Amino acid sequence: MISFPNAKINLGLNIVERRADGYHNIETVFFPIPLNDVLEIVPASGGASLDCYGNSVDCPTGENLVMKAYHLLKERYDLPPVAMHLYKHIPDGAGLGGGSSDAAHALIMLNTMFDLGLADAELAAMAATLGADCAFFIYNRPMMATGIGDVLSPIEVDLKGKTLLLVKPPVGVDTRTAYSRVVPSPAAMNLAQLVTLPVGAWDGLLANDFEPSVFSALPQLWLIKARLLDAGAQYAAMSGSGSTIFGIFDSDNLAANVADTFADCATFVLHI
């Protein structure tokens, strides 16, 4: 069985409060985008295995979320061994949720392959134990996320016909460090209402609370955002804790031309 785990972007990201367990309550809108890895799972003999190809993944095989997803189900349902092959195209550590998506898709695939009969809500609850945004990829449609990112409710966001330009510079952002540099506070505006406004009205209203501290540490990210806006993006922001910056354009050609100006970065032009 083969699937194509997709990435996401964050539309707004409010870090509301630090919890007693050390995590943070947030408000964000997860939006799925057509940038994909490839995951194949086939029956095997012996033990379960995972082979990774494409972009390098700085993670031991046993710690990879795909392998963790398999073992999570195996503990409950005594799954037979499988061979898993993961081709990484989504940049790692980029704020795009690639690893979380791979894990969620592995759960979905294993549920189907072995007729486990788990509903989406059950899969999402299991996915949430693997990572805060894993549950989103079970549903894989625009979702308002609260809690640590695992409390989800459907939301309407209309980006149909828009073009995304993702710019991933050759620097990374450690999520734990990023959280440590933010002072949580309640959001000044209602995020669910903001995303219903026209995209052109988002700039200056729809904010990512990670940006001030991350941009201070990595000013090249602020420059990328500024360049996207100057080049005609209707809206630009950092996704998650970075380091990917995305711009929303009205034209495929304009987005592609702007992408050519970022020769030192990985770029992806995606039609929504």
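These legends walk through several close-up views of one predicted model.

Local features here need pLDDT of at least 70, and side-chain atom pairs count only at pLDDT 80 or more, while totals for chains, interfaces and linings use all residues. Residues are numbered from 1 along each chain as its sequence is written, and side-chain values use heavy atoms, with hydrogens and water left out.

**View 1. The largest pocket holds about 1500 Å³ of space.** Lining it are 46 residues, and the ones closest to its centre are S100, A132, D133, T175 and S241. Several elements chip in with at least two lining residues each: β2 (6–18), β3 (24–36), β6 (82–88), α2 (98–113) and α5 (175–180). Helices (H or I, at least four residues) and strands (E, at least two) are DSSP runs, numbered from the N terminus. Sort the lining by class and you get 18 nonpolar, 17 polar and 11 charged residues. For that sorting, Ala, Val, Leu, Ile, Met, Phe, Trp, Tyr, Cys and Pro are nonpolar, Asp, Glu, Lys and Arg are charged, and the others, Gly among them, are polar. How do you find a space like this? Rolling a probe the size of a water molecule over the atoms shows where empty space is left. A pocket is an open set of points on a 1 Å grid over the protein atoms alone, where a 1.4 Å probe fits and protein lies on both sides within 12 Å along at least five of seven lines; lining residues have an atom within 4 Å of a point. Grid points are joined across faces, edges and corners, and the volume is the space filled by probe spheres set on them.

**View 2. The second largest pocket has a volume of about 180 Å³.** Here 13 residues make the lining, with N14, A188, M189, L205 and A207 nearest the centre. By class, nine of the lining residues are nonpolar, three are polar and one is charged.

**View 3. M189, L197 and L205 make a nonpolar patch on the surface.** The patch covers about 220 Å². To join a patch like this, residues need over 30% relative accessible area and no salt bridge, and nonpolar side chains (Val, Leu, Ile, Met, Phe, Trp, Tyr) are joined within 5 Å, whereas like charges are joined within 9 Å. Areas come from the Shrake-Rupley method with a 1.4 Å probe, and for residues only the protein chains shown count as cover. You'll find L197 in the loop between α6 (191–194) and α7 (211–217). L197 counts as partly exposed because its relative accessibility is 33%; buried means under 20% relative accessible area, exposed means over 50%, and partly exposed is in between (1.4 Å probe, protein chains only).

**View 4. D37 and K88 meet through their side chains in a salt bridge.** Their N to O distance is 2.6 Å. This pair ties together distant parts of the chain, 51 residues apart: D37 sits in the loop between β3 and β4 (38–43), and K88 sits in strand β6. Both D37 and K88 are buried. A salt bridge needs a side-chain nitrogen of Lys or Arg within 4 Å of a carboxyl oxygen of Asp or Glu. There are seven salt bridges in the structure.

**View 5. E211 pairs with K225 in another salt bridge.** The closest N and O atoms are 2.8 Å apart. Again, distant parts of the chain are linked: E211 in helix α7 and K225 in helix α8 (residues 219–230), 14 residues apart. Both E211 and K225 are buried. Elsewhere, salt bridges that share partners join D37, K88 and D102 into one network.

**View 6. D78 has a positive phi of about 50°, although it is not a glycine.** Its place is the loop between α1 (65–77) and β6. D78 counts as exposed because its relative accessible area is 61%. D78 also forms a salt bridge with K74, with the closest N and O atoms 3.6 Å apart. K74 is partly exposed, at 30%.

**View 7. N140 and S243 show two more backbone features.** Most residues other than glycine have a negative phi, and most peptide bonds are trans. Phi of N140, though, is positive, near 60°. N140 lies in the loop between α4 (134–139) and β7 (143–146). The peptide bond from G242 to S243 is cis, with omega near 15°. S243 is in the loop between β10 (235–238) and β11 (245–249).
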